[in-house]
Amino acid sequence: MSPSATVLVLDGFGVGALPDAATVRASDTAADTVGAVAAWSVRERGRPLDVPHLAGLGLAALRPDLRDLLAVPVPLLRATGARAGLGYPGADSFAGHQTLMGADMSHVVLCRLAERIDEVTAALRARGHRVRTLDDRPVLVVDDAALVHDNLEADPGLNWNVSARLDDLGFAAILAIAQVVRAVAPVARVIAVGGRSERPLADAVRPGPGGTVGLDTPASGFYRNGGLRVRHLGAPVDHARQLHEAAARAGHDVVLIGKAADLLVTDAPVDRRPGVDTAAILADVAATAGHGLVVANVQRTDLAGHSQDAAAFADQLEAADRALPRVAGRLGPRDLLVVTGDHGNDPAIGHPFHTREWVPVLAATGGAPSTRRGHDLASLADVGATVARWLGLPAGATAVGVAAAAQDLPVGGR
């Protein structure tokens, strides 16, 4: 049997502030997503956060200070728990997933739309679009329907959005505008967003941190009204030297599930299963784990963080935990499971933005259940490089990243 690897990203799942968290916001030195959610559970529900399987995969070993806030660990597999730094600027899902797959994201630039608004306006007009500013604010109104604006849910200047009500503009047209913007944007992501809102989007435009101005997407109603459509257009990366493409070209079956199917680009043949529903995503992971390479993202943890909703975050973590026994049942000693995050999103930190935190790297294989503490990794890219080595890919299959030492894998290597 060929080795397999399943990488499950719990979006926004941080385990404590990185040493440089204050470079984004001084308050984020106190960020601790898992600590905040677990403390909320004990305080508001009167019980520990019910994640015994995550605890048994190494989360409890990473955070022994949370012993009374987490359910008693239940080991499922032979596991090693460690942490990883992010390995990219700020705290962002696109940059996080690209780094996790081994891309060099050092060229990402923080830039407010106001700094390039003339260039973006010219590019859109050259393609025949009608463009004006919104009440002299640094927000563009395109074809009287779409807004081009700073993303207020990420670090200031990291992402731009193109947003429109689906009742006003079809998603294909929203995406076409976003593609024009992407061609001239220096930022990590340009995100095309279509949704349902009961009011004009201009009513939900507000100032953000760091001089940004944009649509308050949660306030617009997009997240609660159903029908949300999203496409992430990322900064150029060398996809040929990312884990998912290298694995596919080496003959491994590759499945991309949930938000990972939108964020990760490749010319190689892969099975894409986009979606937001947590139950459906976890069911796909349980059905595909143990064969080839599976990369999946549970997005609703991140949405809970943006909404500053600790209850919803707890619900999502507990749902993921309940799915782990089904995944574990498919794994033998040559099958690797990695549960990790892409950044933090502390729902109790006092703002609705990502937080720059360590993320867990809970690595496990089939075998007698046990848990040990591994060495921390400098970057998410080291996770990608480690998985590449596990799958037998050649050295240098990913553009950046250093594979973990054999003794830090659950069974000491393949």
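Visitor: What makes strand 4 and strand 5 a pair, and in which sense do they run?

Guide: Strand 4 and strand 5 are joined by three bridges and run antiparallel. Two strands pair if DSSP finds at least two bridges between them, so the three bridges here satisfy that criterion. Within this pairing, leucine 140 stands opposite valine 148 in strand 5. The model is predicted, so that local features need pLDDT of at least 70 and side-chain atom pairs count only at pLDDT 80 or more, whereas totals for chains, interfaces and linings use all residues. Residues are numbered from 1 along each chain as its sequence is written, and side-chain values use heavy atoms, with hydrogens and water left out.

Visitor: How do you know where a strand or a helix begins and ends?

Guide: The elements are DSSP runs, numbered from the N terminus, with helices being H or I runs of at least four residues and strands being E runs of at least two. Strand 5, for instance, covers residues 146–150 and strand 6 covers residues 159–165.

Visitor: What makes strand 3 and strand 10 edge strands?

Guide: The open sheet has six strands in the order 3-4-5-6-7-10, with mixed pairing. Strand 3 (131–134) and strand 10 (229–234) each pair on one side only, and this is what places them at the edges. Neighbouring strands of the sheet are turned by 25° against each other on average, direction ignored. On its paired side, strand 3 is joined to strand 4 by four antiparallel bridges, and threonine 133 has leucine 140 in strand 4 as its bridge partner.

Visitor: Which residues in the two hairpins have a positive phi without being glycine?

Guide: They are aspartate 135, with phi near 50°, and aspartate 143, with phi of about 55°. Aspartate 135 sits in the turn of the hairpin formed by strand 3 and strand 4, which has two residues between the strands, while aspartate 143 belongs to the hairpin of strand 4 and strand 5, which has three.

Visitor: Why is aspartate 135 classed as it is by accessibility, and how does glutamate 245 fare on that scale?

Guide: Relative accessible area under 20% counts as buried, over 50% as exposed, and in between as partly exposed (1.4 Å probe, protein chains only). Aspartate 135, at 57%, is therefore exposed, and glutamate 245, at 3%, is therefore buried. Glutamate 245 lies in helix 7 (residues 243–249). Leaving aside neighbours within four places in sequence, glutamate 245 is in contact (heavy atoms within 4.5 Å) with His239, Ala240, Val265, Thr266, Asp267 and Ala268.

Visitor: How do you know which strands helix 4 touches when it packs on the sheet?

Guide: Strand 5 and strand 6 pair in the antiparallel sense over four bridges, with histidine 149 opposite asparagine 161 in strand 6. Helix 4 (residues 117–126) touches these two strands as well as strand 3 and strand 4 (137–142), and the direction of helix 4 makes about 10° with that of strand 4. Helix 5 (residues 171–184) also packs on the sheet, touching strand 4, strand 5, strand 6, strand 7 (189–195) and strand 10, and its direction makes about 165° with that of strand 7.

Visitor: Why do helix 9 and helix 11 receive one description of their packing angle, and helix 1 and helix 11 another?

Guide: Axes are lines fitted to C-alpha atoms, for helices over the stretch in contact, with angles from 0 to 180 degrees between N-to-C directions. Angles under 35 degrees count as roughly parallel, over 145 as roughly antiparallel, 65 to 115 as roughly perpendicular and the rest as oblique. The axes of helix 9 (residues 278–288) and helix 11 (residues 310–328) come within 9 Å and cross at roughly 20°, so the two are roughly parallel. Helix 1 (residues 33–45) packs on helix 11 at about 105°, with the axes 9 Å apart, and this pair is therefore roughly perpendicular. The latter contact involves Thr33, Val37, Trp40 and Arg45 of helix 1 and, among others in helix 11, Phe313 and Leu317.

Visitor: Which residues of helix 9 are buried, and what covers them?

Guide: Thr278, Ile281, Leu282, Val285, Ala286 and Thr288 are buried in helix 9. Their cover includes strand 1 (4–10), strand 11 (254–258), strand 12 (271–273), strand 13 (293–298), helix 10 (300–306) and helix 11.
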